[in-house]
Amino acid sequence: MSVETIRWKKDRVELIDQRLLPAKLRYISCRSARDMWEAIRHLKVRGAPAIGIAGAYGAYLGVRSSRAAKYRTFKRDLDRTVEYLATARPTARNLFWALEEVTGLVEQNRDKSVPELKKLILEKAHGILEEDNRICRLIGEKGAALIKPSSRVLTHCNAGGLATAGHGTAVSVITAAGKKIQRVYADETRPVLQGARLTVWELTREGVPTTLICDNMAASLMDQKGIDAVVVGADRIASNGDTANKIGTYNLAVLASYHKVPFYVAAPFSTFDLAIPDGSGISIEERAPEEVRTVGSSCVTVPGVDVWNPAFDVTPSKLITAIITEKGVIRAPDRKKIKKVLS
Ligand code: MRU
């Protein structure tokens, strides 16, 4: 049962306001690039592939009422919108990838009229959304082959339908593995609790046996209950396989290595950044201190205490057993293997 994270409705984008889950399943409307920027920045829509789709639609919303009559002025309006949307969040490669796709398409069709270009951009956004569902299914199939019968799987953050068009990456592996999954352990994923709020919501809807743990329980879980695989998503993967994902992913990779548990990253081609040689080049978003000082709306510390709140960390490729992509599984990822599979 996939979710419809983001959809086009007549003249606007509708997306699930993920800040309200699991208490409320509510769609909100985005009618302008600014609405979309706000939705991305404030995590109404989140997860790398979903942010990419949102970005493509945001580009359309930003230029649909452009009064430009000629390519040059239209392109200037598009560039402005794209630059603006690109400031919403810095880490997920998919946002920049989708914006580049839109820009590239317009550049290739400079001979077309402005109304035609607008139509092409909207069709491109629809295409990115549809393609995401196809890609996520493929990731699920390829990843499921790595899961052994009766597996206990640990996941982090939310790499499910809500983080994509509707099917998920890491969660697609879990759902495609079906009966081979004995139980999924979901990290709560402080500070924003994507695991507790979103992954648990998705998995229980799917009928997957699910256990929620606090992030600091993962070592004991591996030691005492046994985990057969860790499966996570990714926000940006450098050309050597170093992977940025939700803060706390690196901890899990270190623990998995110590406990000899396979550590899998599930991600589409659009998450790879082949222009970056390694993880040190990935820009890591730092978010507001209030996210750490509070749980829900309650302050849980001394108000105003100094806080460090990086939203992502980088797992070195040497800790990754395999990266599962729609194009194939890259075992013990390195620059050469990544280039071969993705080209
Ligand atoms: O800050 P978020 O919620 O956007 O972070 C999301 C993640 O880190 C996901 O694990 C990642 O985007 C993979 S989504 C398939």
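Visitor: How do you know which order the open sheet of four strands has?

Guide: By following the pairing: two strands pair if DSSP finds at least two bridges between them. That gives β11-β8-β9-β14, with mixed pairing. The strands themselves are DSSP runs of E, at least two residues long, while helices are runs of H or I of at least four, both numbered from the N terminus. This is a predicted model, so local features need pLDDT of at least 70 and side-chain atom pairs count only at pLDDT 80 or more, while totals for chains, interfaces and linings use all residues. Residues are numbered from 1 along each chain as its sequence is written, and side-chain values use heavy atoms, leaving out hydrogens and water.

Visitor: What makes β11 and β14 edge strands?

Guide: β11 (272–273) and β14 (312–315) each have a single partner strand, so one side of each has no neighbour in the sheet. For β11, two bridges join it to β8 (residues 236–238), and the two run parallel. With at least two bridges required, they count as a pair. One bridge matches A238 with D273 in β11.

Visitor: And the sheet of seven strands, why is it called mixed, and what is its order?

Guide: It is an open sheet, β6-β5-β4-β7-β10-β15-β16, and its pairing is mixed. The edges are β6 (210–213) and β16 (328–331), each pairing on one side only. Inside the sheet, β4 (residues 151–155) and β5 (residues 181–187) pair in the parallel sense over five bridges, and T155 stands opposite A186 in β5.

Visitor: How do you know which strands helix α8 packs on?

Guide: Contact means heavy atoms within 4.5 Å. By that test α8 (residues 218–225) touches β4, β5, β6 and β7 (229–232). Its direction makes about 175° with that of β4; angles run from 0 to 180 degrees between N-to-C directions, with axes fitted to C-alpha atoms, for helices over the stretch in contact.

Visitor: What makes N245 and K246 polar contacts of the ligand?

Guide: A polar contact is a pair of N or O atoms within 3.5 Å; within protein, one must be able to donate a hydrogen and the other to accept it, and residues adjacent in sequence count only if both atoms are side-chain atoms. N245 puts a polar side-chain atom 2.7 Å from a ligand oxygen, and K246 does so at 2.7 Å, so both pass.

Visitor: Why does the radius of gyration agree with a compact globule?

Guide: The radius is taken over C-alpha atoms, and the rule is 2.2 Å times the number of residues to the power 0.38. For 343 residues that comes near 20 Å, and the protein has 20 Å, so it agrees.
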